[in-house]
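Me: I have a model open and would like to understand the terms used to describe it. Could you take me through the reasoning?

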Amino acid sequence: MDEVDIRPLRPYQALVLTKGYERVMVISDLHLGWEISLNREGFHFPTQMKRLLKKTLMLLRIAKPNSLIILGDLKHTVSGVEIEEWRDVPEFLESLKKKVDEITVIPGNHDGNLSLLLPEGVAQAPATGITLWDEIGLFHGHSWPDLKLLGCKHLIIGHVHPIISFRDPSGLRINRQVWIKAGCDGKKLGELVLKHLGVKVDEDLEYALRKTFNLNVKASSLIVLPSFNEILGGIPINLEENGDRRRSSTFIGPILRSRCVDVMNAEVYLLDGTFLGKVKQLRALNY
């Protein structure tokens, strides 16, 4: 049986998933149309679609995947569609369709009315996520996953925009995007997903999931992607909340707030693959 390989496409914000002859590239959080909100505030910023398209096409040439999965927040407007998004999102996807066999978009919290923008041949998955090879569960991270994803060993999300923030010798604060790899308690997560669904379980959870849902819980690891649009802000995972607005230990999304994920022992990597340490170690440095 072919082994699943999960590998960041260094030094970029893309993940490549491989099993046998199948090869999938995953990106997240493009936020096409993000500059519209800046323009309204008086900051004139050109559209980023062309730049992000060029970058995506380059990575497709490097990775040579059979399919592309966009893991949420393809567009920026939470609800509704801006005029620029009517133009940019279809053009972006039409260009990618010429270079990759399959494109799937898993909606995020910014993807309101996304279905109106998707060209023919681009699939929209449920916001609760999808499974790949019964071994990888993918969802954006702003909502609880579909229960079936817990039958996968590896869970992959975006949504968080993780960064590390530190000061250089002159006192200037510098932010760098990072990958996060953490342990996950699948059984505890299963309890919370069932609670969210309004399902009460009075017997052993694992037995109930096998009997009622034909599901063996295997989820044990979680990978958080950096945002593909590197201009966006992020959450500094190494800084704890202490009254300074730049510091925040508050992760967004129910799965990271649920205590099912061992955040403090999560491993942190720069885009080039440099291992920085665990979250608890980076917080102890008190940058």
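**Strands, a sheet and a helix**

Reply: Gladly! This is a predicted model, and a good place to start is Val 178, which stands opposite Leu 270 in β14.

Me: What makes β11 and β14 a pair?

Reply: Pairing takes at least two bridges. Strand β11 (residues 173-183) and strand β14 (residues 267-270) are joined by 4 bridges, so they pair, and they run antiparallel.

Me: And how do you know that β14 pairs with β15?

Reply: By the same test: 3 bridges join β14 to β15 (residues 275-278), again antiparallel, and at least two are needed, so they count as paired. One example is Val 268, whose bridge partner in β15 is Gly 277. The two strands form a hairpin with 4 residues between them, and Gly 273 in the turn has a positive phi of about 95 degrees.

Me: Why are β1 and β6 called edge strands?

Reply: In the open sheet, 6 strands follow the order β1-β2-β3-β4-β5-β6, with mixed pairing. β1 (4-8) and β6 (122-124) each pair on one side only. For β1, the pairing with β2 is antiparallel over 5 bridges, and Val 4 has Lys 19 in β2 as its bridge partner.

Me: What makes the length of helix α2 close to the expected one?

Reply: Helix α2 (residues 49-63) has 15 residues; at 1.5 Å a residue the expected span is 21 Å, and from first C-alpha to last the helix reaches 21 Å.

Me: Why is Leu 53 in α2 called buried?

Reply: Buried means under 20% relative accessible area, and Leu 53 is among the buried residues of α2, so Leu 53 falls under that cut-off. The cover over the buried residues of α2 includes β2, β3 and α3 (83-97).

Methods. Residues are numbered from 1 along each chain as its sequence is written. This is a predicted model: local features need pLDDT of at least 70, side-chain atom pairs count only at pLDDT 80 or more; totals for chains, interfaces and linings use all residues. Side-chain values use heavy atoms; hydrogens and water are left out. The expected span of a helix is 1.5 Å times one less than its number of residues. Buried means under 20% relative accessible area, exposed over 50%, partly exposed in between (1.4 Å probe, protein chains only). Contact means heavy atoms within 4.5 Å.
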